[in-house]
Amino acid sequence: MATIRTRSRGSEMLLHLTAYLTILVALILTLFPVYWIAVNSFKYDIDIFAVPPEWLPRNPTLKHYHEAFVQRPFLRYALNSLLVAVGTTIISVGFGTMAGYALARFSYPWQWRKQISFWILSTRMMPPIVSIIPLYLFFNSFDMLNTKSALIIAYTAFNLPFATWMMKSYFQDLPVELEEAAIVDGDTQWGAFLHVALPLARPGLAATAIFCLIISWNEFLLSLIITLTEQSQTLPIGIAGRVTQYKTYWGEISAAGFMACVPIVIFAFIVQKHLVRGLSLGAVKG
Amino acid sequence: MASVTFNNVSKKFGEFVAVADFNLEVRDKEFLVLLGPSGCGKTTTMRMVAGLEEATSGDIYIDAERINGVLPKYRDVAMVFQSYALYPHLTVEQNIGYPLKIRKVPPEESKRRVAEVARRVELETMLSRLPRELSGGQRQRVALARAIVRTPRVFLMDEPLSNLDAKLRTQMRSELKHLQHELQVTTIYVTHDQIEAMTLAHRVAVMNRGVIEQLGTPREIYSDPRTLFVAGFIGSPPMNLIPGEARDGIFTSAGLRVGGLGQASVPRAVLGVRPEDIHATGVGGSDANLVAPIYSVELTGENTLVSLRLGAQLLTLRADKNFAGQIDQPIGIKVAADQVFLFDGESQRRVDF
Amino acid sequence: MLRPDKGMPAASPRPGGVLEHWTERHLRYLMLAPTMIVLLALTIFPSFYMFYAAVHRISPNPDLPWEFVGSGNFARLLTDAQFHVALRNTAVFTIVAVTFEFLLGLGLALLLDRFIRRLTFLKTVLMIPMMLPPIAVAITWKIIYEPQFGVLNEIMFRLGLPLQAWAGDVNLAMFSIIVADVWQWTPFIFLLMLAGLASLPIEPYEAAALDGASSWRQFWDLTLPFLKPVIAIAVLLRVMDALRLFDLVFILTGGGPADRTKVLSLYIYQVAYRFADPGYAAAISLFVLFVTIVLSTWFMKRMRLAE
């Protein structure tokens, strides 16, 4: 905090100590659950159930990875997740970039710009459960249940508003004179968007795409309702399917869960500079 | 190569009238400066020529071609922006060559022209750099090079020098003037800086509230201001404008009395006199128009600016740099009647006498 | 020297083709159109369809026609005890979880801002929980809460405290869900507050310090008002997310025990798919949609952040 204060040496040291201790505790609390699922995925079942718990696996094994990805169709689930995430991202970022640019740059009659922006934002606020029933009935009547296309369509409903708002905020950061210069230099409005605005918004574009990938990869509820078989089921559904009323396959879901987390952690580091903006739908620049 | 004509052009943003019933002909090869305070509509006028704004009503022509509604790319004008608007992701070479690339000029031809222009603005060693690696002055020259690389019909310049420091600005000013003379391209130049306007322009259009107050050569604008606004806007320090009353050729205002104004009678008159046309005289001299104590003395280097209190306002005169008066010391001043202007306070226009 | 070059392809005297003109003139609509069409199809259409569904009794047998029941499904909202439980649980969860996340996130940001500002890597590590798939978070906490071999009971045992069933305990189930959610989402508030703090101007603090304002006063008079827009956005987004809680509950408790963690999303899911009554589920959904719209509009109006 940008406070200017005078404090005695002693209390300044106490503050430092408190702060670094807090950071340490926060790190442990943050990382322990992730560590724990990773560790469990490398243990034999008997060691998972050990009391007291084994903090480090005494007999590390890849057994559960074999079970999940070779014997059971988790590779298939992961592939489905990936395909759906990529498809959703391409549509959302493609359309969202154009719409975001339009809302950042053009004026519309009767304050449409504000109205449309707000409307698009409000569709993002809608709880997924609310639109899932009509979507379910809709997909059902078109025989699209249990298809990846249905998932992509459903996910687009939530990623497109996000991508639009993100790109709008990135385009608003660019000085409009650059595109005006391009227009006077002989380009069309569309050309100025393509040749000037788009290349300059590339970091934002990449960040938006990664956020869309993450959101789609993590999604659970829509997939739970739309998909039925491993033909289209995504990774989260596969994991949830191994938590049954009678038995929970701890090792298997730990392995699959950990593998589901790995790409996300990598992505998180790639977009770290854009995290604030992404999480606040472009509202806080960060 | 091209003239630009405005016929009754107006531009409204909602209720706000930015440009009102604007008429002007910019002649072929002319350097015309639109001068005025911010918000006077000068930039809007220029942007309408570029095609970045569309006129609400009226017609704009380049030569005989009416350009209302013509896409900017077909207008063949070039513009230098106040912020330079260099493409940050392109090198200097690509920046300068962008207009050629858009026009599908063959690469070798484009390269040749870019090199030629770069040499002209002394950037030939900078071609592979990115704009962020350049100094302010260099960026300015890239913007200029991008405008001249394709010899457009009209140059538009929107305060191109305002982001430079004072020394560089003076230098670039003469560069610009020379360049325009050399290229012989019709130029419309927008600025709020009267020195730029006076030094660069063939003709100056002084704008205020969306209309032209006066159009003329720099000399006319300075020595023959037609309205109160022009009189007050041009000159540094500005002309003294003293409200008062004129009757039968004699102007009076709180202690000041200036005769010899022909037969002029204006009930709400404003007398305009430039600081250099007021002379300090001895206190005792009977020919002084006014005797008053000195309010402030400011040495500028080449002159001394001396202010006196006249009623509620200050009267400034330009005295010799060796002027020795002190604050509160009374002095007399003499106003030459043939150097003053009389304005009608009602109509804001000059009254000839 | 530079002379007008006759070899240059001069701009054509007459403006380009009709198509080019039309495209340029309508670009603002053309660029917006795909998004508008998709969103209309995927949100407005479903809303109407849902209203249509809500006034019918829909049989699980697709061959049977829908039976018009008018406001019948809405009337059931008033008397359905399960619905009231779900409503109460959702409200409790939202209020408690978001309050904790907010206080914790803001407190941490205020305490750590000076120390963590340059530790970008560390900051990103602390952000990991909220990026993770909620399902992975849910199973992680399921292992931790496991009554027999879970880590939490091990800690309780070491501390000499009574062992608990956690997510399986009637009194602790909601608490367990909230803890997992706080774990996952406190970093979100923390990160946004850090961003807000980083954008604070320094001069007012210098002025306040010269005026002799205490740190506490500075916090109330400067920091909090400056942070208000960021706080508003952060809390709004958290509340909206909390209202749609599903994954954690689905895996950790399944809504039990004794309906203690049955939240609205889960109840709608159960009504639609387990009880096979999509008409009634649509009515509940409309209610949730209504609440969401009212809440977010009120919030945005109050905080003036529509744009």
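**Exercise 1. Determine whether C:Arg238 is buried or exposed, and place its salt bridge with C:Asp241 in its helical setting.**

Solution. C:Arg238 has a relative accessible area of 1% and is therefore buried, where buried stands for under 20% relative accessible area, exposed for over 50% and partly exposed for values in between, with a 1.4 Å probe and protein chains only. This is a predicted model, in which local features need pLDDT of at least 70 and side-chain atom pairs count only at pLDDT 80 or more, while totals for chains, interfaces and linings use all residues. Residues are numbered from 1 along each chain as its sequence is written, chains are lettered from A and ligands numbered from 1 in the order in which they are written, and side-chain values use heavy atoms, with hydrogens and water left out.

The next step is the partner: the side chains of C:Arg238 and C:Asp241 form a salt bridge with an N to O distance of 3.5 Å, the term requiring a side-chain nitrogen of Lys or Arg within 4 Å of a carboxyl oxygen of Asp or Glu. C:Asp241, with a relative accessible area of 25%, is partly exposed. Because the two residues are three residues apart in helix α9 (residues 215-243) of chain C, about one helical turn separates them; helices here are DSSP runs of H or I with at least four residues, strands are runs of E with at least two, and both are numbered from the N terminus.

Finally, the pair belongs to a network of salt bridges that links C:Glu101, C:Asp181, C:Arg238, C:Asp241 and C:Arg244. Over all chains, the structure holds 40 salt bridges.

**Exercise 2. Find which residues C:Thr90 contacts once its neighbours within four places in sequence are left aside.**

Solution. Begin with the location, which is helix α3 (residues 81-116) of chain C. At 3% relative accessibility, C:Thr90 is buried. With the sequence neighbours within four places set aside, C:Thr90 is in contact (heavy atoms within 4.5 Å) with C:Leu243, C:Val263 and C:Leu264.

**Exercise 3. Describe the salt bridges B:Lys11 to B:Glu53 and B:Asp28 to B:Lys29, with the accessibility of each residue.**

Solution. For the pair B:Lys11 and B:Glu53, the N to O distance is 4.0 Å. This pair links distant parts of the chain, since B:Lys11 sits in strand β1 (residues 4-13) of chain B and B:Glu53 in the loop between α1 (42-50) and β4 (57-62) of chain B, 42 residues apart. B:Lys11 is buried at a relative accessible area of 10%, and B:Glu53 is buried at 17%.

For the pair B:Asp28 and B:Lys29, the N to O distance is 3.2 Å. B:Asp28 is partly exposed at 36% relative accessibility, and B:Lys29 is partly exposed with a relative accessible area of 35%.

**Exercise 4. Identify the backbone features of B:Asp63, B:Asp328 and the bond between B:Ser236 and B:Pro237.**

Solution. As background, most residues other than glycine have a negative phi, and most peptide bonds are trans. B:Asp63, which is not a glycine, has a positive phi of about 55°; this residue lies in the loop between β4 and β5 (65-66) of chain B and is partly exposed, with a relative accessible area of 36%.

B:Asp328 likewise has a positive phi, near 80°. Its place is the loop between β18 (313-320) and β19 (330-335) of chain B, and at 59% relative accessibility B:Asp328 is exposed.

The peptide bond joining B:Ser236 and B:Pro237 is cis, with omega of about -5°. B:Pro237 lies in the loop between α8 (228-233) and β11 (240-247) of chain B.

**Exercise 5. Summarise the architecture of chain B, including its domains and its secondary structure.**

Solution. The domain assignment, whose bounds come from an automatic or database source, gives domain 1 (4-231) and domain 2 (237-351) in chain B. The C-alpha centres of these two domains are separated by 39 Å, and their contact takes eight residues from domain 1 of chain B and 10 residues from domain 2 of chain B.

The secondary structure of chain B comprises eight helices and 21 strands, and its C-alpha atoms fill a box of roughly 80 × 45 × 35 Å along the principal axes. Of the 353 residues in chain B, 55% are buried. Among contacts in chain B with a separation of 6 or more, 65% are between residues 24 or more positions apart.
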